[in-house]
Amino acid sequence: MQPLIAQIDKQKLPKHIAIIMDGNGRWAEEKGQDRLYGHYHGVESVRNIVEGCAELGIEYLTLYAFSTENWDRPETEVNGLMSLLVDTIRKEVPILNKNNIKMHAIGSIEMLPTDAQKALAEAIELTGKNTGLNLIMALSYSSRWEIVNAVKNIVVDVNAGKLDPNEINQNTFQQYLSTSKFPDPELMIRTSGEFRISNFLLYQLAYAELYFTNTRWPDFRKENLFEAIIDFQFRERRFGKTGKQIQNEEYLA
Ligand code: IPE
Ligand code: IPE
Ligand code: MG
């Protein structure tokens with residue numbers, strides 16, 4: 001049996017992979033531990049997956065690390081997650097630079113504690129010149145918030161005479177999203193056996209292939225990512241057309 005990575009067609013890699021990193025709490029509870037123990041171990045998976053994406057030559061990786069709704073969790077968990085975030089970002093910057101990884105953030109970053117905002121801004125700045133994998137952290141992120149915010153900003157520009165309402169199309173709208181600089185994800189992975197999107201990239205995932213696995217996030221490793229990519233490569237992405245049309249297009253390409 002070939003190693004998994006060798007089974008991946010490098011010509012057909014998804015450009016952008018988005019991951020809902022779920023299951024840290026249950027992973028810890030199943031071991032009789034505190035939920036935060038799961039979040040700490042989740043960081044190892046982040047490291048491993050980022051490394052796997054960089055090795056493969058994936059261009060964009062978006063990680064859903066904290067949702068707007070997660071602010072409603074118990075205060076100790078939220079505080080623990082925030083300090084873990086600060087420590088991790090600070091620790092990882094040299095590794096990101098070594099691997100030519102550029103960091104970005106989406107979400108209402110202004111809601112994060114000041115030290116987290118500072119660590120994040122520093123990491124973005126210090127990795128800003130890297131040209132390899134784009135690592136996009138979704139923090140205090142919610143897609144409905146993002147869409148409403150885009151609408152508000154469009155209205156502001158229309159009122160200021162900078163934008164003609166008749167000219168608004170999907171391209172214009174996309175420019176007002178926090179992901180305007182990134183292509184839409186082609187593959188969305190959610191760990192831990194939940195089959196939902198939980199307010200993640202609702203607009204951007206319109207044609208993404210969805211991959212769900214029972215593996216809890218702290219157990220998710222490169223090999224699991226490679227399996228997801230292999231599965232993705234066997235899917236026929238039709239974008240509303242017929243299978244025959246797609247096969248003809250592939251034949252002519
Ligand atoms: C995902 O794991 C991490 C965050 C949402 C911050 P969870 O903490 O949601 O873990 P479960 O789903 O409760 O097991
Ligand atoms: C989604 O997971 C958010 C993140 C992974 C950051 P949740 O655990 O918060 O989602 P629900 O509550 O199961 O939908
Ligand atoms: Mg969860």
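In this predicted model, ligand 2 occupies the space of the largest pocket. That pocket has a volume of about 1,000 Å³, and 46 residues line it, with Met-21, Asn-24, Tyr-64, Ala-65 and Phe-66 lying nearest its centre. Two or more lining residues come from each of helix 1 (24–30), helix 2 (35–56), strand 2, helix 3 (75–98), helix 4 (114–126) and strand 4 (134–141). Helix 3 provides the largest share of this lining, 10 residues. Sorted by class, the lining has 24 nonpolar, 11 polar and 11 charged residues.

Attention can now turn to the ligand itself. The residues around ligand 2 include Ile-20, Met-21, Asp-22, Ser-67 and Arg-73. Strand 2 (residues 60–67) gives the most to this shell, with four residues. By class, the shell is made up of five nonpolar, three polar and four charged residues. Several side chains place polar atoms beside oxygen atoms of the ligand: the distance is 2.6 Å for Ser-198, 2.9 Å for Asn-70 and 3.3 Å for Arg-190. On its own, ligand 2 has 390 Å² of accessible area, and the protein covers 78% of it.

A further pocket is also found in the model. The second largest pocket has a volume of about 410 Å³. It is lined by 15 residues, and Lys-12, Phe-232, Arg-235, Arg-237 and Glu-250 are the closest to its centre. Helix 7 (222–233) and helix 8 (243–252) are the elements that each give two or more residues to this lining, with the largest share, three residues, coming from helix 8. Here the lining has six nonpolar, two polar and seven charged residues.

Key:
Residues numbered from 1 in each chain as written. Chains lettered and ligands numbered in written order. Predicted model: local features only at pLDDT ≥ 70, side-chain atom pairs only at ≥ 80, totals over all residues. Heavy atoms only, no water. Near = heavy atom within 4 Å. Polar contact = N/O pair within 3.5 Å; in protein donor to acceptor, adjacent residues only side chain to side chain. Areas by Shrake-Rupley, 256 points an atom, 1.4 Å probe, with all protein chains shown as cover. 1 Å grid on protein atoms, 1.4 Å probe; cavity = no way out; pocket = protein on both sides within 12 Å on 5 of 7 lines; lining within 4 Å. Sits in = over half its atoms within 2 Å of the grid points. Nonpolar A, V, L, I, M, F, W, Y, C, P; charged D, E, K, R; others polar. Points joined across faces, edges and corners; volume = space filled by probe spheres on them.
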